[in-house]
Amino acid sequence: MLTDPSFKYLPAASVDLADRQWPSCTLKQAPIWLSTDLRDGNQALFEPMNRERKLRLFHELVRIGFKEIEVGFPAASRTDFEIVRHLIETKQIPEDVTPMIMTQLREDLISETVRSAVGARRVIVHFYNAIAPAWREIVFGMSVPQIIAMVEGHIALFKRLIAAHPETEWILQYSPETFCMAELDVSLAVCNAAIRA
């Protein structure tokens with residue numbers, strides 16, 4: 001493996017748009033790569049990874065040099081919950097590595113997700129919820145303002161829960177699932193609500 005593989009990539013051409021900032025920016029250093037190799041869930045129903053295999057893969061990803069590693073969905077998988085707890089309790093997460101865990105916007109899942117990560121030095125918690133019209137209207141029976149209120153309410157819950165655990169640096173990520181099937185103004189409104197919250 002190359003010590004610094006960034007030299008082999010040429011920068012992408014920038015696009016000069018007067019009303020936008022990021023298209024004209026050029027990366028000056030390699031980005032941080034977050035490994036999602038431990039994500040198992042619905043992608044591996046035939047042969048899901050067991051605890052030993054996931055732990056072995058986690059340590060291999062650390063050895064390779066990943067600094068952010070998604071370790072799973074601890075509120076939906078007992079195996080993932082136990083792996084997160086094991087890594088924290090046995091201090092197997094290096095100082096320069098940040099684990100990421102994910103959850104849907106549901107109170108019970110958020111509570112269990114926070115419980116799984118208590119005591120970590122630093123952790124990324126990734127929230128997501130579907131926002132496309134079919135999910136809003138058919139699955140959730142919610143309007144856009146209700147979806148926005150749900151996002152804000154669940155982020156407020158998360159903030160209350162983590163306030164009891166200042167020993168951990170909590171990093172919140174949010175993504176609107178199915179945003180590419182939603183109206184652009186709805187996607188933007190939901191993301192802005194998450195940022196404000």
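In which loop is Lys91 found? In this predicted model, Lys91 belongs to the loop that lies between α2 and β3, and its backbone is worth describing before the fold as a whole. Most residues other than glycine have a negative phi. Lys91, by contrast, is a residue other than glycine with a positive phi, near 55°. Its relative accessibility is 72%, a value above the 50% limit, and Lys91 therefore counts as exposed. A second residue with a positive phi is Thr178, which is likewise not a glycine and for which the angle is about 65°. Thr178 is placed in the loop between β5 and α6, and with a relative accessible area of 12% this residue is buried, because the value falls under the 20% limit.

The protein chain that carries these two loops contains six helices and five strands, and, when the chain is read along the sequence, these elements follow one another in the pattern β-α-β-α-β-α-β-α-α-β-α. Along its principal axes, the C-alpha trace spans about 45 × 45 × 40 Å. Of the 197 residues in the protein chain, 37% are buried. When contacts between residues at least 6 apart in sequence are considered, 73% of them join residues that are at least 24 apart.

The five strands form an open sheet in the order β1-β2-β3-β4-β5, and their pairing is parallel. The edges of this sheet are taken by β1 and by β5, which comprises residues 169–177, and each of these strands pairs on one side only. Strand β1, made up of residues 34–35, is joined to β2 by two bridges, and the two strands run parallel; within this pairing, Ser35 has Ile69 of β2 as its bridge partner. On the pairing of β2 with β3, which covers residues 98–104, four bridges are found, again in the parallel sense, and here Gly72 stands opposite Ile101 of β3. The connection from β2 to β3 passes through helix α2, residues 78–89, and the resulting β-α-β crossover is right-handed. Strand β2 itself, residues 68–72, is mostly covered, since five of its five residues are buried, each with under 20% relative accessible area.

Helix α5 takes part in several of the packing arrangements described here. With respect to the sheet, α5 lies across β4 (residues 122–130) and β5, and runs at about 160° to β4. Two packed helices are described by the angle between their axes and the distance between the axes. For α5, residues 144–163, and α6, residues 184–196, the packing angle is about 25° and the axes are 9 Å apart. Because angles under 35 degrees count as roughly parallel, α5 and α6 are assigned to that class, and α5 passes α6 in a right-handed crossing. On the α5 side, the contact is made by Val144, Ile147, Ile148, Val151, Glu152 and Ile155, whereas α6 contributes Val186, Ala189, Val190, Ala193, Ala194 and Arg196.

A further helix pair involves α5 and helix α3, which comprises residues 107–117; the axes of α3 and α5 come within 10 Å and cross at roughly 30°. This angle makes α3 roughly parallel to α5, because it also lies under the limit of 35 degrees. The crossing in which α3 passes α5 is right-handed. In this pair, Glu107, Ile110, Ser111 and Val114 of α3 meet His154, Leu157, Phe158, Leu161 and Ile162 of α5.

Outside these elements, Asp19 is located in the segment that precedes β1. Asp19 has a relative accessibility of 69%, and therefore counts as exposed. Between the C-alpha atoms of Asp19 and Thr98, two residues that are 79 residues apart along the chain, the separation is 35 Å.

How values were computed:
Residues numbered from 1 in each chain as written. Predicted model: local features only at pLDDT ≥ 70, side-chain atom pairs only at ≥ 80, totals over all residues. Heavy atoms only, no water. Buried < 20%, exposed > 50% of the residue type's maximum accessible area, 1.4 Å probe, protein only. Pairing = 2+ DSSP bridges. Right-handed = clockwise from strand over helix to strand, strands pointing away. Axes fitted to C-alpha atoms, helices over the stretch in contact; angles between N-to-C directions. Parallel < 35°, antiparallel > 145°, perpendicular 65-115°, else oblique. Left-handed = near helix turned anticlockwise from the far one by under 90°. Contact = heavy atoms within 4.5 Å.
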